[in-house]
Each structure stands twice: as C-alpha cells, then as structure tokens.
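This briefing covers one sheet and the helices around it. Please read it with the sequence and the model open.

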Amino acid sequence: MPNEPRSPRLAVLIDADNTSAKIAYGLFEEIAKIGEASVRRIYGDFSGTRSKSWAEVLARHAIVPQQQFAYTAGKNASDITLVIDAMDLLHSGRFDGFCLVSSDSDFTRLASRIREQGLDVFGFGEQKTPESFRQACRRFIYTENLLPAPTGGDAEPQKRTLQPPSGATPIIKRILSEMETDDGWVPLGAVGTQLANLASDFDPRNYGAKKLIELVTKTGAFEVEQKEGRGVRIRVKPAAAKSRKTDKS
C-alpha cells in the first residue's frame with residue numbers, strides 16, 4: 001500500500017559455532033516483532049559435524065550460509081568473517097539495525113561500534129553470555145526463551161533457568177520511584193520502556209511470564225488498573241509503599 005510505513009530493515013548475523021539450530025523458528029519469530037530480517041546470514045564450518053544441525057534448517061528460514069573452513073585449530077575464522085561482513089553492511093547505509101546471534105563476548109566491540117554509528121543492536125544468546133556483550137546491545141534476548149515447548153518425545157530437557165517473579169520486584173519499584181507521580185500511578189508502557197533502557201536483558205519470560213502485565217501481577221507487590229479507553233497503569237501497593245518510606249526514615 002502507498003505511504004505505508006516500512007518496518008526497520010535488519011541484518012541478522014548468526015554465529016553457528018555458538019548458537020543452537022533449535023532456536024531457528026523462535027529466533028525469526030522474535031525478530032519479526034522488531035522489524036524485517038532483510039539480510040539473513042550464518043557463519044561457520046558446515047563441512048563439519050558441529051554445524052550440521054543448522055544445515056538442515058537454512059532453506060526453511062532463507063538463511064544464507066557463509067562457509068568458513070577452520071584452517072587452524074583454536075582460531076575462529078568465522079568470527080572474523082562475520083565482523084568484516086557486519087562492517088560492510090553497516091557502511092552500506094541500508095539498514096536500521098543489526099541482530100547479532102551469539103553467546104560470544106568477542107562481539108562486544110562490534111555491537112558497540114554499530115551503536116556508535118546510531119543503529120540499534122539486538123543481541124541473542126544463552127544465559128551464560130558475558131555481561132559485556134549483553135549490555136553493549138540495545139536489547140538482549142536469551143535464546144533459552146526461544147526454544148520450542150518440550151514434548152513427550154524430547155530426549156533432552158530444556159536448559160532454562162527461571163527466576164521467581166519476586167526477583168523482578170526491586171527493579172520495577174526502582175522504575176516507579178524514578179517516574180513518581182502525585183498519585184503513584186504510572187503507565188505500564190512507560191515502565192516497560194524504562195526497563196529496557198535500564199537493563200538490556202530484562203524480559204518477563206526470564207521470570208516465567210509471557211508479558212510484563214502478567215509478571216507485575218505475579219509479583220503481588222503492585223496494584224494494576226485498566227479503565228476503558230485508557231492504557232494499563234500500575235503502582236506500588238500502599239502497604240509496600242508505606243513500608244518503604246518507613247525504612248528510609
């Protein structure tokens with residue numbers, strides 16, 4: 001349709017050596033919420049057994065493999081190729097953001113360099129990913145949250161460590177205190193935006209909730225209000241707010 005706003009153009013670069021092919025469907029489903037995956041490339045040595053599982057899903061998701069033979073043991077040539085391609089794509093000026101899929105901290109400087117150019121970087125990696133890489137991204141999504149739901153025939157258990165909902169209470173309270181209003185009510189959407197700015201890897205799914213509203217409710221520490229024609233608002237429960245003021249005095 002004419003004049004229809006286009007989704008952000010994204011370059012998706014996948015490190016096959018540090019990413020499981022099991023996340024493929026969930027990965028592109030998640031990326032679709034952010035923008036259009038205009039470039040889809042994956043880097044690794046597909047002649048070996050390590051990246052074989054990826055070879056089986058490339059066509060299904062229109063991912064272009066960038067074959068890189070491991071010429072020397074212990075040297076990851078595919079990482080260097082990924083970085084070179086990223087810089088070429090960056091300087092082409094055709095993209096609004098990058099999705100770097102890896103749990104390797106070696107890509108920290110790459111993420112920082114892309115953001116210095118004014119583009120968004122969305123990182124995807126396992127929970128073991130070093131903090132340096134996570135914080136270098138505008139947003140970081142744990143790939144454990146992208147795994148398909150387990151079925152009775154699954155031989156491997158889902159390796160996913162969930163935090164209790166109460167674990168999110170301190171950071172949500174912090175956001176509310178920084179956005180304090182006369183009556184204590186703050187729009188949930190604004191809270192979500194600030195959470196993403198404060199902690200790039202904050203995700204309700206890390207606490208077993210599908211959405212932020214579900215997580216807020218599960219904590220039991222906040223009041224939730226939704227009136228017709230208005231968005232959702234939240235505030236600290238009066239008892240909790242009174243206790244916090246008493247502690248400060």
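How are α7 and α8 oriented to each other, roughly parallel or roughly perpendicular? The model is a predicted one. In it, α7 (residues 188-198) and α8 pack at an angle of about 95°, and their axes lie 11 Å apart. Angles from 65 to 115 degrees count as roughly perpendicular, and α7 and α8 are therefore roughly perpendicular to each other.

**Contact of α7 with α8**
- On the α7 side, the contact is made by L188, G192 and L195.
- On the α8 side, the contributing residues are L212, I213 and V216.
- Five residues of this contact are nonpolar, one is polar and none is charged.

**Layout of the sheet**
- Three strands form an open sheet in the order β7-β9-β8, and their pairing is antiparallel.
- β7 (186-187) and β8 (222-226) are the edge strands, each of them pairing on one side only.
- β9 is mostly covered, with four of its five residues buried.

**Pairing of β7 with β9**
- β7 and β9 (residues 232-236) run antiparallel and are joined by two bridges.
- V186 has I234 of β9 as its bridge partner.
- P187 has R233 of β9 as its bridge partner.

**Pairing of β8 with β9**
- Five bridges connect β8 to β9, and these two strands also run antiparallel.
- E225 is bridged to R233 in β9.
- R233 thus appears in the pairing on either side of β9, as the partner of P187 and as the partner of E225.
- The hairpin of β8 and β9 has five residues between the strands, and in this hairpin G229 takes a positive phi near 85°.

**Helices on the sheet**
- What does helix α6 touch in the sheet? Helix α6 (residues 169-178) packs on the sheet and touches β7, β8 and β9.
- The direction of α6 makes about 105° with that of β9.
- Helix α8 (residues 212-219) also packs on the sheet, where its contacts are with β8 and β9.
- The direction of α8 makes about 135° with that of β8.
- α8 thus takes part in two packings described here, one with the sheet and one with α7.

Key:
Residues numbered from 1 in each chain as written. Predicted model: local features only at pLDDT ≥ 70, side-chain atom pairs only at ≥ 80, totals over all residues. Heavy atoms only, no water. Pairing = 2+ DSSP bridges. Contact = heavy atoms within 4.5 Å. Axes fitted to C-alpha atoms, helices over the stretch in contact; angles between N-to-C directions. Parallel < 35°, antiparallel > 145°, perpendicular 65-115°, else oblique. Nonpolar A, V, L, I, M, F, W, Y, C, P; charged D, E, K, R; others polar. Buried < 20%, exposed > 50% of the residue type's maximum accessible area, 1.4 Å probe, protein only.
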